[in-house]
Amino acid sequence: MNRKNPKDTQNFITSKKHVKEILDRTNICKRDHVIEIGSGKGHFTKELVKMSRSVTAIEIDEDLCRSTQNAVYPFENIKVIHTDILKYAFPKRTNYKIFGSIPYNISTDIVKKITFESQAKYSYLIVEKGFAKRLQNLQRALGLLLMVEMNVNILKKVPRAYFHPKPSVDSVLILLERHEPLILKKDYKKYQAFVYRWVNKEYHTLFTKNQFRQALKHANVTTLNKLSKEQFISIFNSYKLFH
């Protein structure tokens, strides 16, 4: 099945008041380089160029690239790149922050790309409210995968009435804040496989009964329904010892 084109699912926040209200919740400042995901018609871009050192705007729609260029004229601290964010190579040896109002239908792919391919310490994204809750849910694979690199914080509700056209759901502004990795890079593939088996409750494929009891005891787990990050990483570390 072909992935739905992001260009077909775009909703824009056009009010300058609402744009500023959202950007005021970020820590973007004059010394920052910002990578904007999906500049659209440039409503956020023209404020970002004023509040940051420079902006690289990534936009998949060629017509909207031109709209962004027109919106930010005559500012020169802006580079607009016509490409799919999922094909974009984030800079390797430079500091930057990320901002974007991202398409609902590829939110998972974008968040994974930011987490595992970028170096951004702070990424501010406008996402569907339910999706944000799933990112924080340590009972789900996505939440468990992200937690080894990122803290996920909901900063602000963004009502559906802010958008044109108006979507059927509310959104939120989230912050993905990078922290020291909770696992070694060489263990990531093993961790990913562990996570998918864990959320499917395939415990018997991960541990013997005795190993499982030991792992839970070592992690001070009394219920599997509400594990902390530390407890889950402890269980994974026990799994590594047994294998």
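Select glutamate 21 and lysine 156 in this predicted model. The two side chains form a salt bridge, with the closest N and O atoms 2.6 Å apart. Glutamate 21 sits in helix 1 (residues 16-23) and lysine 156 in strand 7 (residues 150-158), so the pair, 135 residues apart, links distant parts of the chain. Switch on the surface: glutamate 21 counts as partly exposed because its relative accessibility is 24%. Lysine 156, at 16%, counts as buried.

**More salt bridges**

The structure holds 12 salt bridges. Go next to helix 2 (residues 45-51) and pick glutamate 47 and lysine 50, which are 3 residues apart. Their closest N and O atoms are 3.5 Å apart, and the two residues form a salt bridge. About one helical turn separates glutamate 47 from lysine 50, because they lie 3 residues apart in this helix. Which burial class does each partner fall in? Glutamate 47 has 7% relative accessibility and therefore counts as buried, while lysine 50, with 36%, counts as partly exposed.

Now select arginine 134 and glutamate 128. Their side chains meet in a salt bridge with an N to O distance of 3.8 Å. Arginine 134 is partly exposed, at 33% relative accessibility. Glutamate 128 has 19% and counts as buried, because the limit for that class is under 20%.

For a group in place of a pair, show Glu62, Asp63 and Arg66, which are linked in a network of salt bridges.

**The nonpolar cores**

Hide the charged side chains and display Ile98, Ile114 and Leu125. These residues have the most contacts inside the largest nonpolar core, a set of 26 residues. Colour by secondary structure to see where the core comes from. Strand 2 (33-37), strand 6 (122-128), strand 7 and strand 9 (171-178) each supply at least two of its residues, as do helix 4 (107-117), helix 5 (129-135) and helix 6 (141-146).

Centre the view on leucine 125. Leaving aside residues up to four places away in sequence, leucine 125 touches Ile98, Gly100, Ile102, Val111 and Ile114, and also Val172, Leu173, Ile174 and Leu176.

Apart from the largest core lies another, of 24 residues. To find this other core, select Ile183, Tyr191, Phe207 and Phe212, which are among its members.

**The largest pocket**

Select Thr115, Phe116, Glu149, Arg178 and Lys185. Of the 15 residues that line the largest pocket, these lie nearest its centre. The pocket has a volume of about 380 Å³. Which element gives the most to the lining of the largest pocket? Helix 4 does, with 3 residues. Colour the lining of the largest pocket by residue class and the residues divide into 6 nonpolar, 4 polar and 5 charged.

**The largest cavity**

The last stop is enclosed space. How many cavities of 30 Å³ or more does the structure hold? There is 1. About 410 Å³ of space lies in the largest cavity. To place the view, select Gln10, Gly38, Ser101, Ile102 and Pro103, which lie nearest the centre of the largest cavity among its 31 lining residues. Ile102 also appears among the residues that leucine 125 touches.

Strand 1 (12-13), strand 2, strand 3 (54-59) and strand 6 each supply at least two residues of the lining of the largest cavity. By class, this cavity lining divides into 16 nonpolar, 11 polar and 4 charged residues.

Key. Residues are numbered from 1 along each chain as its sequence is written. This is a predicted model: local features need pLDDT of at least 70, side-chain atom pairs count only at pLDDT 80 or more; totals for chains, interfaces and linings use all residues. Side-chain values use heavy atoms; hydrogens and water are left out. A salt bridge is a side-chain nitrogen of Lys or Arg within 4 Å of a carboxyl oxygen of Asp or Glu. Helices (H or I, at least four residues) and strands (E, at least two) are DSSP runs, numbered from the N terminus. Buried means under 20% relative accessible area, exposed over 50%, partly exposed in between (1.4 Å probe, protein chains only). A nonpolar core is a set of buried Ala, Val, Leu, Ile, Met, Phe, Trp, Tyr and Cys residues joined through side-chain atoms within 4.5 Å. Contact means heavy atoms within 4.5 Å. On a 1 Å grid over the protein atoms alone, a cavity is a set of points where a 1.4 Å probe fits but cannot get out, and a pocket is an open set with protein on both sides within 12 Å along at least five of seven lines; lining residues have an atom within 4 Å of a point. Grid points are joined across faces, edges and corners, and a volume is the space filled by probe spheres set on the points. Ala, Val, Leu, Ile, Met, Phe, Trp, Tyr, Cys and Pro count as nonpolar, Asp, Glu, Lys and Arg as charged, and the others, Gly among them, as polar.
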